[in-house]
Amino acid sequence: MQTSGPPKTKAQASNVCEFHQAAGTHVLEPTVNANNLAEKIWRPDVQHYFYNSLNCSICSELVARFISLPTQDKIWTLMVCNKRKNLDATEQSSANHSPLVLMHGFGGGVGLWVQNLDALCRRRAVYAFDLLGFGRSSRPTFSTDPSEAEDQSVNAIEEWRKAVGLDSMILLGHSLGGYLAASYAIQHPHRVRHLILVDPWGFPERPQSQESQDNGNSVKRNGPPRWVKAVATVLSYFNPLAVLRIAGPWGPGLVQRFRPDFKRKFEELFDDDTMTEYIYHCNAQTPSGEIAFRAMSESLGWAKRPMLARIHLIAREVPITLIYGAQSWVDGSTGDRVRDLRPGSYVNSVTIKYASHHVYADAPEEFNQIVEEICDSVDHTASHTL
């Protein structure tokens, strides 16, 4: 498949065109801040190459721009909608279809949804944005307090929603994005039509002891090897992605060496190093979001403020679907615990058989079908309550 070349339309080539929403059409002015540190660090050739490649890989209308927040931070946003003339009447109008918002995980960016955007925008507008502190979004200073760092991220999501003009949305978050999506739903439940958590990070509590009681007997559980604990202790003094910045020009090679799976996941679209280059440039900039992540997490990746302890705070009217990869390091049984903690509320847990942590890229067709069915059910429910 072609992986370079000019964008398909002038609208796609410009930093911005229109975001079509149920409430109407909003014309957005171009916003490119040449003084932004992220713009200076990001290599223009890689940036333009990737988004040209993204345009060539997506058949739908794709527009992109920075959304300015009251804090002067900017959120890099993609909006995709289906404008093909051969759609039937029920698919041509998105006025009665809830928009879907996608939030990536730690160290990711909007480009990772490239295998999902076309399928998910058939009957609705789909938005994807770089979390504050990640990708091309602004990289502010985050608090080192876990609660305050989480609130900074959630507040940015809410200000983004206001700026884009969405009244409510189907909110989907992967990994760290799932954690923040759940936190957002706690604070703003009336804005969430359905909460979709994809292999979410930060839900279970960290075991307090290696020993547990089983039928009155003390059972010794195997903890991490001593060398893992030693490495984790050393790394706790550094930001998680510091090694990429220290590596300098060898950084992309490190991504390729330690995460060759990223190239394999997207090989049907890109037959070169586009995705590994993209991941590198998402994370080779001044650390910001990873500082927030470090504030919210403790050694070995546990959350300091586990979401399971707060999941009951989400309004019971908000339906939740959890999607797990059967081969993932994330414990899929967490979905059952969420169901137990929310009696009387809709909670469904789905496991995709051959997928790992990046479910949306490991099994895109099955993932897209599941998410599309969820979105259609939201629209169906809404149409019967009007």
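**Salt bridges, sheet and a tryptophan**

Reader: Which side chain meets Arg-339 in a salt bridge?

Author: A salt bridge here is a side-chain nitrogen of Lys or Arg within 4 Å of a carboxyl oxygen of Asp or Glu. Arg-339 lies in helix α14, and its partner lies in that helix too, 3 residues apart, about one turn. The N to O distance is 2.9 Å, and the partner is Asp-336.

Reader: What kind of model is this, and what pLDDT do side-chain atom pairs need?

Author: Residues are numbered from 1 along each chain as its sequence is written, and side-chain values use heavy atoms, with hydrogens and water left out. The model is predicted; totals for chains, interfaces and linings use all residues, local features need pLDDT of at least 70, and side-chain atom pairs count only at pLDDT 80 or more.

Reader: How far apart in sequence are the parts tied together by Arg-124 and Asp-379?

Author: The closest N and O atoms of this salt bridge are 2.7 Å apart. Arg-124 lies in the loop between α5 and β6, and Asp-379 in helix α16, so the pair ties together parts separated in sequence by 255 residues. (Helices, H or I of at least four residues, and strands, E of at least two, are DSSP runs numbered from the N terminus.)

Reader: Is Asp-379 buried or exposed?

Author: Buried means under 20% relative accessible area, exposed over 50%, partly exposed in between, with a 1.4 Å probe and protein chains only. Arg-124 has 3%. Asp-379 has 8%, so Asp-379 is buried.

Reader: Which strands stand at the edges of the open sheet?

Author: Strands pair if DSSP finds at least two bridges between them. The sheet has 8 strands in the order β3-β4-β6-β5-β7-β8-β11-β12, with mixed pairing. Two strands have a single partner each, so one side of each is left without a neighbour: β3 and β12.

Reader: What angle does the direction of helix α14 make with that of β12?

Author: Axes are lines fitted to C-alpha atoms, for helices over the stretch in contact, and angles run from 0 to 180 degrees between N-to-C directions. Contact means heavy atoms within 4.5 Å. Helix α14 packs on the sheet, touching β11 and β12, and the angle with β12 is about 175 degrees.

Reader: How far apart in space are Trp-302 and Pro-207?

Author: Trp-302 sits in the loop between α13 and β11. Its contacts include Trp-201, Arg-206 and Pro-207. Trp-302 and Pro-207 are 95 residues apart in sequence, and C-alpha to C-alpha they are 9.5 Å apart.

Note on methods: Lists of a residue's contacts leave out its neighbours within four places in sequence.
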